[in-house]
Amino acid sequence: MVWASNKARPGPVSLFNSRFKELHPGIADIIRVGITFEQMLRESLARGTVRAPSGDTEQWIEQSLREHHNPDRPFDIRLADGRWLRVDERRMADGRIVG
(Lines give C-alpha, C1' and ligand atoms only; values in the text may rest on other atoms or scores of the structure.)
Protein backbone atom coordinates (compact mmCIF):
# COMPACT_ATOMS: atom_id res chain seq x y z
CA MET A 1 0.00 0.00 0.00
CA VAL A 2 1.34 3.45 -0.89
CA TRP A 3 -0.19 6.62 0.54
CA ALA A 4 0.22 10.15 -0.67
CA SER A 5 1.00 12.44 2.24
CA ASN A 6 1.17 16.04 3.36
CA LYS A 7 2.24 17.73 6.58
CA ALA A 8 -1.22 17.73 8.15
CA ARG A 9 -2.66 14.29 7.39
CA PRO A 10 -1.93 11.12 5.50
CA GLY A 11 -3.26 11.53 1.99
CA PRO A 12 -5.20 9.15 -0.21
CA VAL A 13 -4.07 5.74 -1.40
CA SER A 14 -2.04 6.02 -4.59
CA LEU A 15 -1.19 2.33 -5.05
CA PHE A 16 -2.09 -1.04 -3.50
CA ASN A 17 -1.92 -4.71 -4.33
CA SER A 18 -4.40 -7.58 -4.12
CA ARG A 19 -2.73 -8.95 -0.97
CA PHE A 20 -3.84 -5.85 0.95
CA LYS A 21 -7.46 -6.61 0.04
CA GLU A 22 -6.97 -10.25 1.06
CA LEU A 23 -5.71 -9.12 4.48
CA HIS A 24 -8.75 -6.86 4.92
CA PRO A 25 -11.72 -8.77 3.48
CA GLY A 26 -14.25 -6.85 5.57
CA ILE A 27 -13.47 -3.62 3.71
CA ALA A 28 -12.07 -5.03 0.45
CA ASP A 29 -15.00 -3.57 -1.49
CA ILE A 30 -14.06 0.01 -0.57
CA ILE A 31 -10.27 -0.22 -1.00
CA ARG A 32 -9.40 1.83 -4.05
CA VAL A 33 -7.00 4.49 -5.24
CA GLY A 34 -8.14 7.76 -3.68
CA ILE A 35 -9.55 6.44 -0.39
CA THR A 36 -7.94 7.91 2.71
CA PHE A 37 -6.52 6.04 5.66
CA GLU A 38 -9.09 7.76 7.90
CA GLN A 39 -11.97 6.59 5.69
CA MET A 40 -10.66 3.03 5.88
CA LEU A 41 -10.33 3.23 9.68
CA ARG A 42 -13.84 4.58 10.12
CA GLU A 43 -15.37 1.99 7.80
CA SER A 44 -13.46 -0.81 9.54
CA LEU A 45 -14.91 0.32 12.87
CA ALA A 46 -18.42 0.69 11.43
CA ARG A 47 -18.31 -2.80 9.93
CA GLY A 48 -16.81 -4.33 13.05
CA THR A 49 -13.68 -5.62 11.32
CA VAL A 50 -11.51 -3.81 13.86
CA ARG A 51 -12.20 -2.56 17.37
CA ALA A 52 -10.79 0.44 19.17
CA PRO A 53 -8.90 -1.16 22.08
CA SER A 54 -9.69 1.71 24.44
CA GLY A 55 -13.36 1.83 23.46
CA ASP A 56 -12.90 5.51 22.58
CA THR A 57 -13.10 5.38 18.80
CA GLU A 58 -12.23 9.04 18.13
CA GLN A 59 -9.14 8.85 20.33
CA TRP A 60 -8.09 5.61 18.62
CA ILE A 61 -8.60 7.11 15.16
CA GLU A 62 -6.55 10.20 16.02
CA GLN A 63 -3.75 8.06 17.51
CA SER A 64 -3.79 5.76 14.47
CA LEU A 65 -3.61 8.74 12.11
CA ARG A 66 -0.66 10.24 14.04
CA GLU A 67 1.22 6.93 13.99
CA HIS A 68 0.48 6.37 10.31
CA HIS A 69 1.60 9.88 9.35
CA ASN A 70 4.84 9.56 11.35
CA PRO A 71 5.97 5.98 10.82
CA ASP A 72 8.90 5.10 13.03
CA ARG A 73 8.45 1.45 13.98
CA PRO A 74 6.32 -1.59 13.15
CA PHE A 75 3.12 -2.04 15.14
CA ASP A 76 0.62 -4.84 15.64
CA ILE A 77 -3.12 -4.57 15.11
CA ARG A 78 -5.67 -7.14 16.13
CA LEU A 79 -8.57 -7.64 13.77
CA ALA A 80 -12.05 -8.38 15.09
CA ASP A 81 -11.78 -11.98 13.83
CA GLY A 82 -8.81 -12.54 16.17
CA ARG A 83 -6.03 -12.35 13.58
CA TRP A 84 -3.00 -10.18 14.29
CA LEU A 85 -1.27 -8.12 11.61
CA ARG A 86 2.18 -6.59 11.88
CA VAL A 87 2.27 -3.28 10.02
CA ASP A 88 5.56 -1.76 8.95
CA GLU A 89 5.29 1.62 7.25
CA ARG A 90 8.06 3.90 6.02
CA ARG A 91 8.21 7.36 4.55
CA MET A 92 9.73 7.42 1.07
CA ALA A 93 11.99 10.16 -0.30
CA ASP A 94 9.07 11.73 -2.19
CA GLY A 95 7.02 12.04 1.04
CA ARG A 96 4.64 9.17 0.38
CA ILE A 97 4.17 6.44 2.96
CA VAL A 98 4.61 2.79 1.99
CA GLY A 99 3.47 -0.13 4.12
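## Surface and overall layout

Accessible areas here come from the Shrake-Rupley method with a 1.4 Å probe. On that basis, the protein exposes about 6,100 Å² of accessible surface, and carbon and sulfur atoms own 51% of it. Keep in mind that this is a predicted model.

The protein has 99 residues, and 32% of them count as buried. You'll find 3 helices and 6 strands, strung along the sequence as β-β-α-α-α-β-β-β-β. As for sequence range, take the contacts between residues at least 6 apart in sequence: 38% of these join residues at least 24 apart.

## Two nonpolar cores

What makes up the largest nonpolar core? It has 11 residues: Phe37, Leu41, Leu45, Val50, Ala52, Trp60, Ile61, Leu65, Ile77, Leu79 and Leu85. The elements giving two or more residues to this core are helix 2 (37–47) and helix 3 (57–69). There's also a second, separate core of 7 residues, with Val13, Ile30, Ile31 and Met40 among them.

Valine 50 is a handy member of the largest core to click on. Leaving out neighbours within four places in sequence, valine 50 is in contact with Ser44, Leu45, Trp60, Ile77, Arg78 and Ala80. Of those partners, Leu45, Trp60 and Ile77 also belong to the largest core.

Over in the second core sits Met40, a residue of helix 2. Methionine 40 is buried because its relative accessible area is 6%, against a cut-off of under 20%. Isoleucine 30, also in the second core, is 10 residues away from methionine 40 along the chain, and their C-alpha atoms are separated by 7.9 Å.

## Where helix 2 meets helix 3

How do these two helices cross, left-handed or right-handed? The crossing of helix 2 and helix 3 is right-handed, with axes that come within 10 Å and cross at roughly 145°.

From helix 2, the residues involved are Phe37, Glu38, Leu41, Arg42 and Leu45, and they meet Thr57, Glu58, Trp60, Ile61, Ser64, Leu65 and His68 from helix 3. Sorted by class, this contact has 6 nonpolar, 3 polar and 3 charged residues. Phe37, Leu41, Leu45, Trp60, Ile61 and Leu65 turn up in the largest core too.

Serine 64 is worth a look on the helix 3 side. Is this serine buried or exposed? Serine 64 counts as buried because its relative accessibility is 12%, and the cut-off for buried is under 20%. Not counting residues up to four places away in sequence, serine 64 touches Phe37 and Leu41, both of them members of the largest core.

## Two ends of the chain

Now for a pair of residues a long way along the chain from each other. Valine 98 belongs to strand 6 (residues 97–98), while serine 14 lies in strand 2 (residues 10–15). They are 84 residues apart in sequence, yet 9.9 Å apart in space, C-alpha to C-alpha.

Why do these two get the label partly exposed? Valine 98 counts as partly exposed because its relative accessibility is 29%, and serine 14 does so because its value is 30%. Partly exposed covers the range between the buried cut-off, under 20%, and the exposed one, over 50%. Next door to serine 14 in the numbering is Val13, which is listed in the second core.

Technical notes:
Residues are numbered from 1 along each chain as its sequence is written. This is a predicted model: local features need pLDDT of at least 70, side-chain atom pairs count only at pLDDT 80 or more; totals for chains, interfaces and linings use all residues. Side-chain values use heavy atoms; hydrogens and water are left out. A nonpolar core is a set of buried Ala, Val, Leu, Ile, Met, Phe, Trp, Tyr and Cys residues joined through side-chain atoms within 4.5 Å. Buried means under 20% relative accessible area, exposed over 50%, partly exposed in between (1.4 Å probe, protein chains only). Helices (H or I, at least four residues) and strands (E, at least two) are DSSP runs, numbered from the N terminus. Contact means heavy atoms within 4.5 Å. Axes are lines fitted to C-alpha atoms, for helices over the stretch in contact, and angles run from 0 to 180 degrees between N-to-C directions. A crossing is left-handed if the near helix is turned anticlockwise from the far one by less than a right angle, and right-handed if clockwise. Ala, Val, Leu, Ile, Met, Phe, Trp, Tyr, Cys and Pro count as nonpolar, Asp, Glu, Lys and Arg as charged, and the others, Gly among them, as polar.
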